[in-house]
Amino acid sequence: MTGTADMTVLEEELSRLAGSVPDPELPVLTLEELGVLRGVRVLAPGRVTVELTPTYTGCPAVEAMSSDIERVLRDHGVADVSVVTVLSPAWSTDDISAEGRRKLAEFGIAPPRHQGTSATGSGPVPVTLAIRCPHCGSTETELLSRFSSTACKALRRCTACREPFDHFKEL
């Protein structure tokens with residue numbers, strides 16, 4: 001999350017609570033691990049704004065994420081919770097935390113490769129093209145479908161162990 005150095009103790013606690021909400025499409029990840037929680041601001045006693053960046057414009061999960069954040073914060077005594085969508089800077093798969101990547105692989109989803117982009121959009125060009133099977137570790141995989149259970153994942157199969165798996169696409 002950005003700007004944690006400027007956050008109050010209360011904002012840090014509310015951010016921790018909001019960040020602990022599971023992603024509705026990938027419940028193995030929290031919103032903090034997914035990297036979509038951008039900020040929490042206390043505007044007045046009992047009044048909070050949460051900034052959320054969708055994984056892509058039009059992501060249908062944003063509504064569920066917002067409702068879940070509102071519920072969690074209200075359950076912890078915040079009467080007025082407003083969740084706003086922030087589109088800039090755009091979310092990138094590089095925003096997924098190391099713990100989130102570990103959980104994806106453990107869950108059987110190949111995590112996205114690091115794109116190496118910075119906030120300015122520049123950085124090294126990745127040279128690794130292989131997708132590693134989360135089951136056996138082989139890089140001998142094939143694309144079965146560009147889309148899987150959600151638009152942000154592709155369906156692949158490992159040619160070594162023959163197991164199908166989802167791959168979280170790089171954005």
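Two strands count as paired here if DSSP finds at least two bridges between them. Helices (H or I, at least four residues) and strands (E, at least two) are DSSP runs, numbered from the N terminus. The model you are looking at is predicted: local features need pLDDT of at least 70, side-chain atom pairs count only at pLDDT 80 or more, and totals for chains, interfaces and linings use all residues. Residues are numbered from 1 along each chain as its sequence is written, and side-chain values use heavy atoms, leaving out hydrogens and water.

**View 1. The hairpin of β1 and β2.** Start with strand β1 (residues 37–44) and strand β2 (residues 47–52), which are joined by six bridges in the antiparallel sense. One pair to look for is Val40 with its bridge partner in β2, Val50. Two residues lie between the strands, and Gly46 in this hairpin takes a positive phi near 75°.

**View 2. The covered side of helix α1.** Helix α1 spans residues 9–19, and Glu11, Leu14, Ser15, Leu17, Ala18 and Gly19 in it are buried (under 20% relative accessible area, with a 1.4 Å probe and protein chains only). These buried residues pack against α2 (31–34), α3 (61–75) and the two strands of View 1, β1 and β2.

**View 3. Strand β7 and its partners.** Four of the five residues of β7 (residues 164–168) are buried. With β6, β7 runs antiparallel over five bridges, and Leu155 stands opposite Asp166. Five residues separate β6 from β7 in their hairpin, where Arg162 in the turn has a positive phi of about 70°. Strand β4 (residues 109–110) pairs with β7 in the parallel sense over two bridges; here His167 is the bridge partner of Ala110.

**View 4. Lys153 and its surroundings.** Lys153 belongs to strand β6 (residues 153–158). Is this lysine, Lys153, buried or exposed? Lys153 is buried, with a relative accessible area of 4%. Its side chain makes a polar contact (N or O atoms within 3.5 Å, one able to donate a hydrogen and the other to accept it; residues adjacent in sequence count only if both atoms are side-chain atoms) with the side chain of Ser149, at 3.0 Å. Beyond its neighbours within four places in sequence, Lys153 is in contact (heavy atoms within 4.5 Å) with residues including Leu26, Ile109, Asp166 and Phe168.

Notes. Buried < 20%, exposed > 50% of the residue type's maximum accessible area, 1.4 Å probe, protein only.
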